[in-house]
Amino acid sequence: MTTVATTAACRWIKNQVKHDFVAHEVNVTDIVPETYLSGDKRMSALNALFGRGLSVTARAHIPEDILQTVLKTDSSTMESFVERIRGMAMRQNASTTSVGNVPNLLAAIYAATGQDLGCVPESSQSFLKIRKSSKPGGGIEAQLDMPSLVIGTVGGGTGLPTQEQCLEMMQCTGSKSNFRMAEIIASVCLAGDLSLAAAVATWQHAGAHEKLGRNRPEE
């Protein structure tokens, strides 16, 4: 709908200019209705600044004992690792500072709920922050900001039988339920990025692939 409306507006502007001005005053030679300034289907600095779709933030406090028993790491390691990732991302002028699991999770959720898979790149733009917690139990305070989450709960692929069932399971059917869906997605992405950060920081990542890989040949 956005593309159709933009095209119609551009045609109207071009026709009005011809009608209201003589050629030597104002002359529109060409109009391009789609450019990189839109931020559609790609990461964009404008999306990070002003948002596109929904902007959502997920936060979590993970106590030290949970870090050690579940994620097999500690608050100092997590804080240091994520800060290193953020620093490297800034050095290469990256548009995201999350650890890297967000696109995987979004692709799975988008396919299951009838979203536009082409919007995974722009929706993956995310920023992960971790700091040591001063709350009882210690641990970390984690936050994931997703400024341009493009999702919908009505229309398009959301009406397909399987995708509609998935949305019903999430209680995300009908208008305005996209806010609930955004909260669920951000929470899943934060959990996934924390899990990946812990695995990579403690050298568990490759071993987990070797142990749990689904395409390993039978021995």
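How many bridges join strand E2, residues 127-132, to E3? Let me keep that in mind while I say, as a caution, that what we are looking at is a predicted model. The answer is that 6 bridges join E2 to E3, and the two strands run antiparallel. As examples from this pairing, Ile-130 has Ala-142 as its bridge partner in E3, and Leu-128 stands opposite Leu-144, again in E3.

Now please turn to the other neighbour of E3. Strand E1, which covers residues 54-62, pairs with E3 in the antiparallel sense as well, here over 8 bridges, and within E3 it is Met-146 that serves as the bridge partner of Val-56. If we put these pairings together, we have an open sheet of 3 strands in the order E1-E3-E2, with antiparallel pairing. E1 and E2 are the edge strands, since each of them pairs on one side only, and from one strand to the next the twist averages 15°.

Is strand E3 mostly covered or mostly exposed? Strand E3, residues 140-149, is mostly covered, and 10 of its 10 residues are buried.

Let me move on to the helices. Helix H8, residues 178-201, packs on the sheet and touches E1, E2 and E3, while its direction makes about 45° with that of E1. Helix H8 also meets helix H5, residues 102-113, and there the two axes come within 9 Å and cross at roughly 145°, in a crossing that is right-handed. On the H5 side the contact is made by Val-102, Leu-105, Leu-106, Ile-109, Tyr-110 and Thr-113, and on the H8 side by Met-181, Ile-185, Val-188, Cys-189, Gly-192 and Asp-193. Sorted by class, this contact of H5 with H8 has 9 nonpolar, 2 polar and 1 charged residues.

Finally, I would like to show you two lysines in loops. Lys-72 lies in the loop between helix H3, residues 64-69, and helix H4, residues 75-91, and although Lys-72 is not a glycine, it has a positive phi of about 55°. Lys-176 sits in the loop between helix H7, residues 161-169, and helix H8, and this lysine, also not a glycine, has a positive phi of about 75°. Why do we call Lys-176 exposed? We do so because its relative accessible area is 67%, and the word exposed applies to values over 50%.

Key. Residues are numbered from 1 along each chain as its sequence is written. This is a predicted model: local features need pLDDT of at least 70, side-chain atom pairs count only at pLDDT 80 or more; totals for chains, interfaces and linings use all residues. Side-chain values use heavy atoms; hydrogens and water are left out. Helices (H or I, at least four residues) and strands (E, at least two) are DSSP runs, numbered from the N terminus. Buried means under 20% relative accessible area, exposed over 50%, partly exposed in between (1.4 Å probe, protein chains only). Axes are lines fitted to C-alpha atoms, for helices over the stretch in contact, and angles run from 0 to 180 degrees between N-to-C directions. A crossing is left-handed if the near helix is turned anticlockwise from the far one by less than a right angle, and right-handed if clockwise. Contact means heavy atoms within 4.5 Å. Ala, Val, Leu, Ile, Met, Phe, Trp, Tyr, Cys and Pro count as nonpolar, Asp, Glu, Lys and Arg as charged, and the others, Gly among them, as polar. Two strands pair if DSSP finds at least two bridges between them.
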